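The following exercises concern a single protein chain. Each task is followed by a solution that proceeds step by step.

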Amino acid sequence: MGVSYLAISVGSTALSFVGLQYQAELSLDKLRSNGLIEEGSVNLVNANDAMGLLFGSYATTALLANFLFNVFILVNLCLKSIFFADLYPSETRKLVERLVNYVIYKQMFQALARDRLERLNASPSAQPWTYFRVYSALLFVLSIDLFWIRICLGIYKTLGSPMLLLLFFEPLSIAFETLQAMLVHGFQLLDIYLHHSAGDSANCQRFKFFDTLRAGSLWEWKGTLTRNLGFTLDMATLLMALGHYVHIWWLHGVAFHLVDAVLFLNIRALLSAIIKRVKGFIKLRMALGALHAALPDATLEELRAYEDE
């Protein structure tokens, strides 16, 4: 069914492109008849009038919007086929909800990748290649997001307007969330790979080394890193959203309007979320400290007595 949807999207995109091209040719003929475009050249004096006539047509605007929408759907279907193949019903429902609420495809596929990886974590038969295929979607999202940040940086350096700082909040928030997902599921990918490769006799010594690390400091370090860096990235995402609203309020100016009330409520909700997250992290650290005090690590003498590697 996914292939049929992709074929329909390709056909619809092609038809919308043909319609847009036909409408553009009609508009160009109209511009030539008005003398705004000469053969092989454009009258620069009347360039603004020409652009106004070209994009002032409702038909041209509608066809352009239809073409962009079809391209958007086609890109999403291609990315779904590459990284996820067929979707589960719960994933389809969540994806449609995110599409309604937020139509930037990087964020959608980032959340879809997290949902699929969590499902694979709960599956005892998950294969390393299947896990890596979905995990690579996060790598794709991060690479596109970094390219987006670079474009925003170039625009800001060129124009230098403080309002253009608004361009950075969205890609930076996506980058923080993607890095957090890559951190958590990257260790899980390594664990699945080691588990499925344990029977390879050619790599026996290498996996024995990894098993030793997995049973010792590496996996303790993994828990500490996931906990602390995850908290840091969570806070960075919340602070980025808070800075976004504060910056908008600063540019808009404080006044008693409906927009200011909405901004104030959003800022209040973010501050509450930040305080709650900090309190939860402090309680977690205190609980872990009490647990380590009640259950201390074994000494080297105890390990030797039990011949524990």
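**Exercise 1. Determine whether C152 is buried or exposed, and establish how many disulfides the structure holds.**

Step 1. C152 has a relative accessible area of 3% and is therefore buried; buried denotes under 20% relative accessible area, exposed over 50%, and partly exposed the range in between (1.4 Å probe, protein chains only).
Step 2. C78, by contrast, is partly exposed because its relative accessibility is 31%.
Step 3. A disulfide is a covalent bond between the sulfur atoms of two cysteines. With the criterion of a pair of cysteine sulfur atoms within 2.5 Å, the count is zero disulfides.

A note on the basis of these values: the model is predicted, local features require pLDDT of at least 70, side-chain atom pairs count only at pLDDT 80 or more, and totals for chains, interfaces and linings use all residues. Residues are numbered from 1 along each chain as its sequence is written, and side-chain values use heavy atoms, with hydrogens and water left out.

**Exercise 2. Describe the overall architecture of the chain and its surface.**

Step 1. Eleven helices and two strands make up the elements of the chain; these are DSSP runs numbered from the N terminus (helices: H or I, at least four residues; strands: E, at least two).
Step 2. From the N terminus, their order is α-β-β-α-α-α-α-α-α-α-α-α-α.
Step 3. The chain has 309 residues, of which 27% count as buried.
Step 4. About 19,900 Å² is exposed by the chain, and carbon and sulfur atoms supply 67% of this area, as computed by the Shrake-Rupley method with a 1.4 Å probe; for residues, only the protein chains shown count as cover.
Step 5. Contacts are defined by heavy atoms within 4.5 Å. Of those between residues at least 6 apart in sequence, 71% join residues at least 24 apart.

**Exercise 3. Locate R116 and H247, and identify the residues that each one contacts.**

Step 1. R116 lies in helix α5 (residues 105–121). Its relative accessibility is 8%, so R116 counts as buried.
Step 2. Beyond its neighbours within four places in sequence, R116 contacts F84, D86, L87, Y88, E91 and V134.
Step 3. H247 belongs to helix α9 (residues 217–252) and is buried because its relative accessibility is 11%.
Step 4. Residues up to four places away in sequence aside, H247 touches P162, M163, L165, L166 and F169.
Step 5. Although H247 and L166 are 81 residues apart along the chain, their C-alpha atoms are separated by 7.6 Å.

**Exercise 4. Which side chains meet in a salt bridge, and which helices does the pair link?**

Step 1. The structure holds one salt bridge, defined as a side-chain nitrogen of Lys or Arg within 4 Å of a carboxyl oxygen of Asp or Glu.
Step 2. The partners are D234 and R277, at 3.1 Å from N to O. The pair links distant parts of the chain, with D234 in helix α9 and R277 in helix α10 (residues 258–294), 43 residues apart.
Step 3. D234 is partly exposed, at a relative accessible area of 21%; R277 is also partly exposed, at 26%.
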